[in-house]
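Student: I should like to learn how to read sheets, pockets and cavities in a protein model. Could we work through one example together?

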Amino acid sequence: MKAILILGAGVMQGPVIQLARQKGYRVCVADGNDKAVHAKDADEFVHVDLKDKEALAAAAAGLPGLAGVMTAGTDFSASVAWVAEKLGLPGIPHETALDASDKARMRTRLAAAGVPVPSFAYGTIDDDPEKLAAGFVPGGLPVYPVVVKPVDNMGARGCRLVRKASELATAWKDAVSHSRSGRAIIEEYLDGPEFSLDAIVHSGTIHIRGIADRHIHFEPYFIEMGHTMPTAYGPEIVEAVVEVFKSGIRALGINRGAAKGDIKYTRKGAFVGEIAARLSGGYMSGWTYPHSSGIEPSAEAIDIACGVVPAEASPLRDWVCAERAFISIPGKVQEIRNLESAADIPGVTELFSRITPGDTVRFPVNNVEKCGNVIAAGPDRAQVESSAATAARSVLIRLQPGEPSTAAFLNMNGRSDQGLDEDWPPYAYGGISAMVLACMESMPDVFREKKPVASISIAPLQGINSEAVLDWQGRTVEQGLAAVQELTGVTIGLDGDLVL
């Protein structure tokens, strides 16, 4: 029986592991975490650090009948290429994989080939980021905003929008600390919508497997609170985005396997944000692409990794698929409610909770700090997006009382250690009306008190139910108050022994 080696045994690798078994392969899985969720699903599990290329190659050499090696949703495509090159397996050259893994190398190679990328410079902790920023701007003076990120990480770890000079030093230090090689990149900020694309590449042809709109929030960080596929943008923009993605794939030399791209569209046209030599994470390649089109890009990537030309695949349906995240403010989780009822909302296909009671959570500054994700699919875009958003905001996370991190966030004390002096933490209802704000500010903290306190009420505020502003999770003020009632039993009105 032929075998395949899959790097990673986490949630994102689950579909690949399952599909490889369905194809009849003996599935060998490597991961540095021997308790990874899908380690038990492998025919053979190899406990090895995925950064240790020599150890991976040695382990792979001992696997009988090994036909190929691959990954999906990890940033270890260079490790895949190293093993394939050492053992003479199908794949791209290791140097090509490095170009597609290291943002400094990627930008340099793409720019040399004439592929549109933002202006950039890179360096280490010993470099002055302000001088680097000045170096790529005509006139020699930094023009803000700029983006700072590590050259070799994923999930927006260490990635930040720098809006003025006073934020730059802290952002640079943070980005370097998140880099395995100790390097960071500073680049021109591109204002415009962002798209995620996956492609399968074989026989000299690039097959696009889907285009998703990314929903990015919480400046100065880049937190993807969801994505929707297919894109809602028109053909002119889509064609420009696809063409730049394909040009980047060719320029990097990814001539077989998979490619994942993040492409920005601006008033100047489309630009490459990132291209990786692998299938995407974020529930895209394993869930939203197959739900939307019926095509399994993971199955095609398995074939190519093992030297098999995949069958020509045409979309089986034209559905919409939406992924939405749910998050928390900082603290320690006491209780999670409504997971089952959220999963039962019509149109919801999957719900992934990444937290359990007792876990420490924080307001996300990268995409691995979210608490969970919901996926919905169906033929009607409005209904699918509504189902995903409703399910995400119906999950209620209650925190243990008395945690200093919770109090610090609510008291707006989360700025100094992040080099920020404005807009962080973000206000839950930043656009609330002046009328309601005046009403809130005119009321004492405790409206009425009787002794002893047997019941608590929240005093109604004039106009509160008509407020159109939404919180971080997309709840109206009225929905937020309803959540408080569900979790605590307090009522809205003036009838409590203690009225807030």
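The dialogue below takes up the sheets and then the empty spaces.

Tutor: Please keep in mind throughout that this is a predicted model.

Student: In what order do the eight strands of the open sheet stand?

Tutor: A sheet is read strand by strand, from one edge to the other. Here the order is E13-E12-E9-E10-E11-E14-E18-E16, and the pairing is antiparallel. Strand E13 (269-276) and strand E16 (348-353) each have a single partner strand, so one side of each is left without a neighbour in the sheet. From one strand to the next, the twist averages 25°.

Student: Over how many bridges do E16 and strand E18 pair?

Tutor: Pairing is followed through its bridges. E16 and strand E18 (residues 372-378) are joined over five bridges in the antiparallel sense. As one instance, Phe352 has Asn373 in E18 as its bridge partner.

Student: Which strands of the sheet does helix H10 touch?

Tutor: For a helix on a sheet, one reads both its contacts and its direction. Helix H10 (residues 297-305) touches strand E9 (194-202), strand E10 (205-217) and strand E12 (257-266), and its direction makes about 35° with that of E9. Helix H12 (residues 381-394) also packs on the sheet, where it touches E10, strand E11 (223-229), strand E14 (320-326), E16 and E18. The direction of H12 makes about 20° with that of E14.

Student: What is the order of the open sheet of three strands?

Tutor: The order is E17-E15-E19, with antiparallel pairing. Strand E17 (360-361) and E19 are the edge strands, each pairing on one side only. Strand E15 (residues 331-337) pairs with E17 over two bridges, and Lys332 stands opposite Thr360 in E17. H15 lies across E15 and E19, at about 60° to E19.

Student: How should one look for empty space?

Tutor: Rolling a probe the size of a water molecule over the atoms shows where empty space is left. In this model, the largest pocket has a volume of about 2,000 Å³.

Student: Which residues lie nearest the centre of the largest pocket?

Tutor: They are Ala428, Tyr429, Gly480, Leu481 and Val484, out of a lining of 50 residues. Strand E19 (396-399), helix H13 (404-410), helix H14 (434-442) and helix H15 (477-488) each supply at least two residues of this lining. H15 gives the most, with ten residues. Thus H15, which lies across E15 and E19, also contributes to the lining of the largest pocket. By class, that lining divides into 34 nonpolar, ten polar and six charged residues.

Student: How many cavities of 30 Å³ or more does the structure hold?

Tutor: There are three. The largest cavity contains about 260 Å³ of space. Of its 19 lining residues, Val69, Val80, Gly257, Ala258 and Ala277 are the closest to its centre. Strand E4 (66-71), helix H3 (77-87), E12 and H10 each give two or more residues to the lining. H3 gives the most, with four residues.

Student: How do the linings of the two largest cavities divide by class?

Tutor: The lining of the largest cavity has 13 nonpolar, four polar and two charged residues. For the second largest cavity, the division is three nonpolar, three polar and six charged. This second largest cavity has a volume of about 110 Å³, and its lining includes Asp75, Lys103, Asp152, Arg180, Glu274 and Arg278.

Notes. Residues numbered from 1 in each chain as written. Predicted model: local features only at pLDDT ≥ 70, side-chain atom pairs only at ≥ 80, totals over all residues. Heavy atoms only, no water. 1 Å grid on protein atoms, 1.4 Å probe; cavity = no way out; pocket = protein on both sides within 12 Å on 5 of 7 lines; lining within 4 Å. Points joined across faces, edges and corners; volume = space filled by probe spheres on them. Nonpolar A, V, L, I, M, F, W, Y, C, P; charged D, E, K, R; others polar. Pairing = 2+ DSSP bridges. Contact = heavy atoms within 4.5 Å. Axes fitted to C-alpha atoms, helices over the stretch in contact; angles between N-to-C directions.
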